[in-house]
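Dear colleague,

Please find below the structure that I am handing over to you. My findings follow directly after it.

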Amino acid sequence: FTSRNDGVIGANVAYKPVAESTNTEATMGLAQKDGEGTVYIVDFQTKGRGQRGNYWESEERKNLTLSILTYPAFLDIANHFYLSKVVANGMVQALSEFGIAAKIKWPNDIYVGDFKVAGILIENGLMGSKLSHSIWGIGLNVNQHIFNSNAPNPISMSLVVGGELNRDEVLQAVLGAIDGWYAKLRNGLLADIDAYYFGALYRSQGKFWFEADGERFMASIKGIEPTGELVLEDEKGALRSFAFKEVSFII
Ligand code: BTN
């Protein structure tokens with residue numbers, strides 16, 4: 001990869017052909033005090049990690065598997081979900097540069113239609129009530145066409161646009177877009193971040209079936225709390241907040 005970025009995110013890019021997990025590479029970078037916005041990227045992960053203890057599988061040299069190390073010491077822990085919004089907004093914006101209309105499936109999936117094109121894995125470090133560091137792991141399906149049957153509903157950018165994409169160009173777009181949203185966060189432009197995020201939110205319009213604690217109910221999405229809880233309005237007009245893992249879409 002030759003892509004770099006003029007801003008904070010991706011000013012330094014540490015490439016290796018193979019590693020266990022780029023999030024682990026970033027943790028090692030943290031230990032040696034690598035700078036803000038350093039990107040760790042590989043062609044293949046032997047132990048790629050997904051959410052909820054899942055594996056992240058990605059065919060060698062087909063996709064993007066990378067992690068970004070940041071030190072958002074300015075951000076209060078109560079606002080930690082803005083980091084997820086920064087990454088998700090950046091992903092949606094980057095995909096739009098390739099003509100792909102992606103959506104954010106709360107809390108950390110990027111969808112095209114009803115298919116998952118990317119996943120985000122954020123690992124935060126705390127110092128009192130502030131964030132000492134944050135590692136943003138991104139797995140983006142770029143040119144992969146055949147997927148393991150236990151991957152739920154995968155798609156790649158290439159399957160959407162119908163042609164092979166240049167991974168370096170996609171990387172450049174991803175780093176540039178995330179850099180722009182991270183700059184907005186540093187400048188306190190939270191309303192801008194919220195507006196783009198909600199506009200890109202999967203199923204933000206209309207009523208859908210949800211399941212929480214064995215209960216099924218119809219609800220519409222009202223918003224996302226700064227700490228990341230999903231706020232739903234049920235059919236009786238009651239507002240209910242749910243953390244990740246507490247609630248899921250049924251279909
Ligand atoms: C998910 O959807 O479950 C999140 C997937 C995150 C995968 C990326 S690939 C690069 C980085 N390194 C990892 O081990 N995981 C993240």
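I begin with a hairpin: β6 and β7 are joined by two residues, and Gly128 in the turn has a positive phi of about 65°. Please bear in mind that this is a predicted model. The two strands of the hairpin pair in the antiparallel sense over ten bridges. One of the residues involved is Met127, whose bridge partner in β7 is Lys130.

Strand β7 also pairs with β3; seven bridges join these two strands, which run antiparallel. Here Leu69 stands opposite Ile135 of β7. Eight of the eleven residues of β7 are buried, so this strand is largely enclosed by the rest of the structure.

The ligand

Which residues come nearest to the ligand? Of the 20 residues around the ligand, these are Ser21, Gly50, Gly119, Gly137 and Gly139. The elements that contribute two or more residues to the shell are α1 (22-31), β3 (64-70), β6 (115-127) and β7 (130-140). By class, the shell comprises 13 polar, five nonpolar and two charged residues.

The helix α1

The buried residues of α1 are Thr22, Asn23, Glu25, Ala26 and Gly29. They cover an arc of only 155° around the axis, and therefore lie on the same side of α1. As general background, an α-helix has 3.6 residues a turn, so residues three or four places apart point the same way. The cover over the buried residues of α1 includes β1 (13-19), β2 (38-45), β3, β6 and β7. Thus β3, β6 and β7 are among the elements that cover these residues, and they also give residues to the shell around the ligand. Just after α1, Lys33 takes a positive phi of about 60°.

A five-stranded sheet

Five strands form an open sheet with antiparallel pairing, in the order β11-β10-β9-β8-β12. Why is one side of β11 and of β12 left without a neighbour in the sheet? Strands β11 (239-242) and β12 (247-249) stand at the edges and each has a single partner strand, so one side of each has no neighbour there. On average, neighbouring strands of this sheet are turned by 50° against each other, direction ignored.

At the β12 edge, the partner is β8 (residues 208-212), and three bridges join these antiparallel strands. Ala212 has Val247 of β12 as its bridge partner.

Yours sincerely

Terms used:
Residues numbered from 1 in each chain as written. Predicted model: local features only at pLDDT ≥ 70, side-chain atom pairs only at ≥ 80, totals over all residues. Pairing = 2+ DSSP bridges. Helix = DSSP H or I, 4+ residues; strand = E, 2+ residues; numbered from the N terminus. Axes fitted to C-alpha atoms, helices over the stretch in contact; angles between N-to-C directions. Near = placed C-beta within 6 Å. Nonpolar A, V, L, I, M, F, W, Y, C, P; charged D, E, K, R; others polar. Buried ≥ 20, exposed ≤ 12 C-beta atoms within 10 Å, placed from the backbone. Arc of directions from axis to C-beta. Contact = placed C-beta atoms within 7 Å.
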